[in-house]
Amino acid sequence: MTYRAPISDILLALNHGAGLQAAVKAGHYGDFDGDIAAAVLEEAGKFAGDVLAPLNRVGDEHGIKLADNKVTTAPGWPDAYQRWAAAGWNAVSGPEAFGGQGLPLAINAACTEIWSASNIAFGLCPLLTLSAIEALDAHGSEGLKKIYLEKLVSGEWTGTMQLTEPQAGSDVGALRTRAERAPDGSYRIKGTKIFITYGDHDMTDNIVHFVLARLPDAPAGTKGISLFLIPKFLVNADGSLGARNDIYPSGVEHKLGMHASPTCTMTMGDHGGAIGYLIGEENKGMLCMFTMMNQARLGVGLEGVGIADRAYQQALAFAQERRQGRAVGKKGDGLDPIIVHPDVKRMLLQMRSMTAAARSICYATAVALDISVRAKDAKVRADAAARGALLTPIAKAFSTDIGNEVTYLGVQIHGGMGFIEETGAAQHYRDARITSIYEGTNGIQSIDLVTRKLAANGGASVWALLDELGGIVKQVEASNDPAFGTTGTKLRDALGSLERASKWLLECVASAPNDALAGATPYLRLFGSTLGGCMLAGEALAAKNSGEAGGDPQRYVTVARFFAENITVQAGSLEKTVTDSAEAVNGADAVLLG
């Protein structure tokens with residue numbers, strides 16, 4: 001199955017749904033020329049379709065191999081990575097001072113979707129490198145930046161993020177990896193990390209690991225964690241590679257999906273301790289790591305968008321070719337393609353509309369994060385930072401839930417053939433499953449949304465966003481376009497449900513925290529489906545008014561209407577789940593533990 005990047009859909013979501021065009025006009029992006037986006041994304045789409053997509057099946061079938069403390073990737077992968085890095089794709093949003101192109105994060109977000117759609121296991125490697133760049137640029141010493149940042153920005157070296165240990169999964173404060181100070185100012189790290197994505201591979205000649213560890217005199221819990229940079233190979237004074245560091249892959253996981261992405265157990269300390277260098281301050285590692293994690297969480301949300309779009313494209317092509325049954329009322333001989341059947345149309349529209357909603361939410365998150373560092377006005381930057389913080393858990397959790405649901409539907413549309421590996425539909429389903437787990441499970445994202453992001457500034461960021469969404473609903477209603485059907489009414493009802501649920505949770509966070517936590521996951525779904533529905537409606541209006549839709553703009557109205565009338569319409573039930581189910585959840589011990 002080939003892949004074609006949906007450039008028109010991406011540009012509409014980026015420029016109008018996410019607000020990039022308006023932000024550029026407002027001067028928040030300096031001298032950035034918004035017209036460059038189309039050219040960059042066209043080239044990204046070509047590379048993804050020509051080079052990465054053909055390797056997706058190869059990687060799934062061959063997987064990776066571990067021998068003699070070295071990981072070997074699937075055939076063709078090292079060459080593809082070298083071509084990808086040489087073309088400058090790793091440097092799209094990298095800092096210009098270290099060889100990056102300095103383009104907006106929003107542009108790179110669209111590229112990340114494209115890499116993930118064409119070959120999600122491949123795209124996962126640079127996703128973590130980008131997070132490493134962000135942490136090193138924000139918190140690293142000038143000396144470390146000089147040695148490592150240019151190589152990471154170019155993609156000549158890759159980065160990893162190492163948090164998890166057997167006894168410390170989401171509870172990072174329970175980690176046991178130890179760091180000891182050395183006389184020369186470096187550190188010696190000993191311990192074991194598990195589930196380390198691209199912990200070792202053969203695509204680059206060095207890997208820069210970012211590792212959480214605890215000093216002997218550190219406070220307990222997360223307050224006593226420090227972040228260290230540990231290179232696979234030490235770097236000599238002239239920039240050449242030196243001795244092998246004491247960090248090795250001691251095992252690789254055999255996984256449900258993502259077979260081509262090495263998930264390693266990393267061991268440090270068998271030969272005296274891995275030499276590491278402090279990032280930021282001692283015992284302040286979580287601050288530095290969250291810089292990496294927030295970037296990675298958006299990236300994982302974009303993985304959900306990418307794998308959903310790939311599954312949709314494949315399901316659409318199959319439905320156009322597979323002949324089964326007859327269209328209602330049709331006479332004559334022969335079978336019809338299954339796309340004529342209303343239930344298949346419904347599933348395909350659900351796949352497309354959910355993918356589009358998740359895409360817009362992720363891009364809006366990226367635009368907010370861009371404005372938070374690029375805008376000249378301090379208040380604009382602060383408001384954008386709050387908006388980005390609010391949207392990040394929604395982008396990660398909602399979009400990866402969508403990725404799982406859309407790939408599920410992709411298998412369903414293929415029927416029995418979807419259960420057969422040769423069609424490729426099953427691979428998308430398998431690959432998508434991890435995205436709602438890693439970089440903070442979606443349950444953790446929901447808790448973060450309710451206990452931190454919703455309550456920030458008394459909910460000011462939420463109310464501001466709801467006001468903007470209300471403006472979109474007014475425009476839909478004022479358009480009097482019958483093609484929108486009941487979209488305006490459904491969206492207005494959903495906004496009411498979201499506002500009431502938000503106020504209820506704000507009160508509960510302080511007075512009855514367990515009740516708030518019991519409703520956190522349905523609340524995130526309520527937020528995402530309402531936000532996504534309004535954004536799709538706004539994009540449909542923009543497509544009609546601007547003529548930028550690359551064809552018939554009415555198709556965007558159809559997508560927005562379907563989402564509002566089939567997905568957003570669930571808002572009322574989700575509101576009731578948030579507010580009415582806490583007693584049952586919190587009183588379930590007798591059932592669950594009895």
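## Exercises on a predicted model

The buried residues of helix α17 pack against α1 (7–17), α9 (342–374), α10 (378–414), α14 (487–511) and α16 (520–546), where contact means heavy atoms within 4.5 Å. This is a predicted model, in which local features need pLDDT of at least 70 and side-chain atom pairs count only at pLDDT 80 or more, while totals for chains, interfaces and linings use all residues. Residues are numbered from 1 along each chain as its sequence is written, and side-chain values use heavy atoms, with hydrogens and water left out.

**Exercise 1.** Compare the expected span of helix α17 with the distance between its end C-alpha atoms, and list its buried residues.

*Solution.* Helices (H or I, at least four residues) and strands (E, at least two) are DSSP runs, numbered from the N terminus. The expected span of a helix is 1.5 Å times one less than its number of residues. Helix α17 covers residues 554–566, and its 13 residues should therefore span 18 Å, which agrees with the 18 Å between its end C-alpha atoms. Next comes burial: buried means under 20% relative accessible area, exposed over 50%, and partly exposed in between (1.4 Å probe, protein chains only). The buried residues of α17 are Tyr556, Val557, Val559, Ala560, Phe562, Phe563 and Ala564.

**Exercise 2.** Describe the lining of the largest pocket, starting from the residues that lie nearest its centre.

*Solution.* On a 1 Å grid over the protein atoms alone, a pocket is an open set of points with protein on both sides within 12 Å along at least five of seven lines, and lining residues have an atom within 4 Å of a point. The largest pocket is lined by 42 residues, of which Thr164, Ile437, Tyr438, Glu439 and Gly440 lie nearest its centre. At least two lining residues are supplied by each of α6 (120–139), β5 (187–197), α8 (285–321) and α12 (442–453), and α8 gives the largest share, six residues.

**Exercise 3.** Locate the non-glycine residues phenylalanine 195 and asparagine 283, and state the phi of each.

*Solution.* Phenylalanine 195 lies in strand β5, and has a positive phi of about 60 degrees although it is not a glycine. Asparagine 283 is found in the loop between β12 (274–279) and α8; this asparagine 283, also not a glycine, has a positive phi of about 65 degrees. With a relative accessible area of 24%, asparagine 283 is partly exposed.

Definitions and conventions. On a 1 Å grid over the protein atoms alone, a cavity is a set of points where a 1.4 Å probe fits but cannot get out, and a pocket is an open set with protein on both sides within 12 Å along at least five of seven lines; lining residues have an atom within 4 Å of a point.
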